[in-house]
Amino acid sequence: MKKRVQLAGLYAFLILVTLLVIAPLVVALNTALKVSEEVWDVTSLPTRISLRNFIEGFRAISRGLFNSTLITIPSMLISTFVGTLAAYPLSQLRFKGDIAIYLLILVGLYVPFQTVLIPLFLLIRKLGLYDTIPGMWLVNTAYGVPYTTLILRNFFTTVPKELIEAASLDGCSLAAYYWRILLPVGKIGIAATFILQFRAIWNEFLFGLTITRRPQIMPVTIYLQSFVGMTDIKWGHLMAATLIAILPTIAVFLFFKRHFVNGLTGVYK
Amino acid sequence: MSRGLNHLQKKTLTIVLFLALPVALFLAFFLYPIIYTLYLSFHEWDGISQYMRFAGFMNYSRMLSSSHFRLALLNNLQLIVLYVVLIPAAGLLLALLLNRPMKGKTFFETILFIPNTITPIAAASIWKWMFNPDYGLINRSLAALGLAKLAQNWLGDPRVAIYGIMISAAWAGFGFSFLIFLAGLRTVPGSLVDASKIDGASALQSLRHVIFPMLAPSTVVIVAFQTLYAIKIFDLVFALTGGGPAHYTSVLGIYMYDLTFEQFLMGQGAAAAIVLFVLSALIVGPYLVLSSRSVEEIRQ
């Protein structure tokens with residue numbers, strides 16, 4: 001009996017917390033589904049479901065969604081690829097200075113972006129990449145590599161050392177080992193890295209704010225921020241646009257939850 | 001590979017080839033900018049003109065006498081308390097409650113983590129609506145509960161706005177500690193807890209003497225990364241209040257951005273960036289030393 005009461009209490013508490021956590025998203029959805037006269041009564045349900053806000057919200061940020069896709073997918077692929085390059089020698093081969101190089105790359109995890117922002121801005125301008133999509137690829141790759149290296153290194157160290165020894169006895173060169181054996185064996189780590197990089201780059205804001213200027217280049221986070229910053233906000237439009245902008249990351253999280261959690265716990269250990 | 005190379009040379013060549021690109025990126029996008037920022041912080045420059053003027057420590061002394069800087073630093077310190085004490089405490093409690101075989105476990109875990117997956121700008125957008133003084137859910141709920149007196153201008157009142165920021169930051173950020181603790185608890189063998197119970201330990205005693213010590217690594221990770229996050233926080237505050245009203249919710253990241261990209265005082269912006277760097281290094285330095293030791297232990 002005591003056990004059952006305890007269990008009921010536990011569930012009641014967890015359900016309450018979960019409701020509190022999800023409430024802001026539910027409020028956003030409720031507001032987004034309403035016709036504009038009803039928006040002001042935040043606790044009422046829509047008397048009729050209207051997709052008007054979603055159409056307007058989508059129209060307001062659609063170019064940003066397109067830009068973010070164009071920025072995110074290649075940056076995710078390239079930063080993960082460069083991460084595999086660094087993680088391979090750092091996890092499989094012993095050499096002089098390996099720990100020093102590893103720590104140097106790790107330092108990159110901790111440097112606040114503000115500390116590199118001014119020189120980065122000048123460098124990107126000098127390279128002719130200011131306000132361009134390739135500029136965003138470069139920046140997201142450069143600042144993604146410490147993360148991808150760390151996750152992938154942690155995954156690659158779990159690959160048994162016997163594998164590289166056996167491969168070298170079979171006459172497989174070190175470079176061929178990377179391509180033919182390590183990458184296929186490490187694919188779970190690579191998948192986790194993709195997922196984390198997708199979220200990080202899609203959600204990125206500071207670089208978008210400082211090195212993009214034209215609407216044809218700006219990522220969706222910048223579109224959303226200028227929407228939030230308006231003086232006379234149309235809340236229905238804004239809530240719909242917000243939900244549309246976060247849909248990709250929530251969907252990726254729900255579909256690839258295992259990889260997502262693997263990756264996060266793989267970085268921070 | 002080339003015929004003339006022996007095994008060792010081949011190995012060295014492979015390592016150099018693989019590390020060339022990552023190391024080059026590190027030099028160009030971390031090392032060079034940090035040094036350049038340090039250099040800039042001792043100069044006066046508007047970002048456009050040909051010449052910089054040497055300014056000694058002037059940018060730093062200006063910062064120390066700036067009220068915006070003091071407000072921002074104070075807010076960062078308050079946010080550290082939030083991120084290092086309050087948020088992890090909530091994350092630990094929820095992780096402990098869910099650390100048992102039960103129905104709906106995955107469901108709870110998934111929902112509780114969702115706010116952590118979205119961009120801080122979206123969190124700001126939603127919370128700006130939640131905090132709307134006239135129509136937002138928070139003040140409406142307070143009124144409905146007969147607590148209308150507690151209703152606030154959550155983001156507009158200089159005395160309250162930082163708490164508005166903190167509430168939304170807690171919502172957006174607590175999933176991280178929750179997840180790390182959850183993963184940490186999985187490494188605690190159930191047999192150990194059972195054994196302590198057989199020895200007559202109460203639930204609280206086994207928590208204190210068996211579970212907490214095993215969570216030490218997770219706690220170190222959380223403290224290091226959450227402190228760092230509280231120091232460099234930018235997006236959420238920028239989108240929610242822009243640091244206002246009158247800098248009362250500003251943080252060092254916003255202070256730096258404002259000097260650099262709004263006022264074009266590159267030297268002063270760089271000085272603020274260096275302060276951010278030093279604060280982070282104070283936190284991360286010890287953490288890196290610790291984790292590099294464990295790297296060496298694994299190697300040996």
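Here are some questions and answers about this predicted model.

Reader: Let's start with where the two chains meet. How much area is buried between chain B and chain A?

Author: The contact takes 88 residues from chain B and 90 residues from chain A. Carbon and sulfur atoms give 81% of the area buried between the two chains. That buried area comes to about 8,400 Å².

Reader: How many residue pairs are in polar contact between chain B and chain A, and which helix gives the most to chain B's side?

Author: The count between the two chains is 13 residue pairs in polar contact. On the side of chain B that touches chain A, 19 residues come from a single helix, and that helix gives the most. It covers residues 7–40 of chain B, and its name is α1.

Reader: Which side chains meet in a salt bridge across the interface of chain B and chain A?

Author: Across this interface the rule finds one salt bridge. Its N to O distance is 3.2 Å, inside the 4 Å cut-off for a salt bridge. The two partners are R140(B) and D41(A).

Reader: And how many salt bridges does the structure hold over all chains?

Author: Side chains of opposite charge can pair when their charged atoms come close. One such pair is K105(B) with E109(B), at 3.8 Å from N to O. Over all chains, the number of salt bridges is nine.

Reader: Why are K105(B) and E109(B) separated by about one helical turn?

Author: An α-helix has 3.6 residues a turn, so residues three or four places apart point the same way. K105(B) and E109(B) both sit in helix α4 of chain B, residues 105–117. They are about one helical turn apart because their separation in that helix is four residues.

Reader: Is each of those two buried or partly exposed?

Author: Buried means under 20% relative accessible area. K105(B) has 22%, so K105(B) is partly exposed. E109(B) has 10%, so E109(B) counts as buried.

Reader: E109(B) also forms a salt bridge with a residue in another helix. Which residue is that?

Author: The closest N and O atoms of this pair are 3.6 Å apart. The pair links distant parts of the chain, 77 residues apart, from helix α4 to helix α7 of chain B. The partner is exposed, at 51% relative accessibility. Its name is R186(B).

Reader: How far apart are the end C-alpha atoms of helix α7 of chain B?

Author: Helix α7 of chain B runs over residues 161–186, which is 26 residues. At 1.5 Å a residue it should span 38 Å, so the expected span and the distance between the ends agree. The end C-alpha atoms are apart by 38 Å.

Reader: Where is the kink in α7(B) centred, and how many of the helix's residues are buried?

Author: The kink is about 40°, and it is centred on G173(B). The helix is mostly covered. Out of its 26 residues, the number buried is 21.

Reader: What about R159(B) and D157(B): which is buried and which is exposed?

Author: These two form a salt bridge, with the closest N and O atoms 3.1 Å apart. R159(B) has 67% relative accessibility, so R159(B) counts as exposed. At 14%, the buried partner is D157(B).

Reader: Which residues do salt bridges that share partners join into one network?

Author: This network takes us over to chain A. Its members are joined by salt bridges that share partners. They are R52(A), E56(A) and R59(A).

Reader: Which residues does L254(A) touch?

Author: L254(A) is in helix α11 of chain A, residues 235–255. With a relative accessible area of 46%, L254(A) is partly exposed. Not counting residues up to four places away in sequence, L254(A) touches T110(B) and I114(B).

Reader: How far is M63(B) from V275(B), C-alpha to C-alpha?

Author: M63(B) sits in helix α2 of chain B, residues 58–64, and is buried, with a relative accessible area of 2%. Its contacts beyond four places in sequence include V275(B), along with F69(B) and Y255(B). M63(B) and V275(B) are 212 residues apart along the chain, yet their C-alpha atoms are separated by 9.9 Å.

Note on methods
Residues are numbered from 1 along each chain as its sequence is written. Chains are lettered from A and ligands numbered from 1 in the order in which they are written. This is a predicted model: local features need pLDDT of at least 70, side-chain atom pairs count only at pLDDT 80 or more; totals for chains, interfaces and linings use all residues. Side-chain values use heavy atoms; hydrogens and water are left out. Helices (H or I, at least four residues) and strands (E, at least two) are DSSP runs, numbered from the N terminus. The expected span of a helix is 1.5 Å times one less than its number of residues. The bend at a residue is the angle between axes fitted to the seven residues ending there and the seven starting there. Buried means under 20% relative accessible area, exposed over 50%, partly exposed in between (1.4 Å probe, protein chains only). Contact means heavy atoms within 4.5 Å. Buried area is the accessible area (1.4 Å probe) that two parts lose on being put together, summed over both. A polar contact is a pair of N or O atoms within 3.5 Å; within protein, one must be able to donate a hydrogen and the other to accept it, and residues adjacent in sequence count only if both atoms are side-chain atoms.
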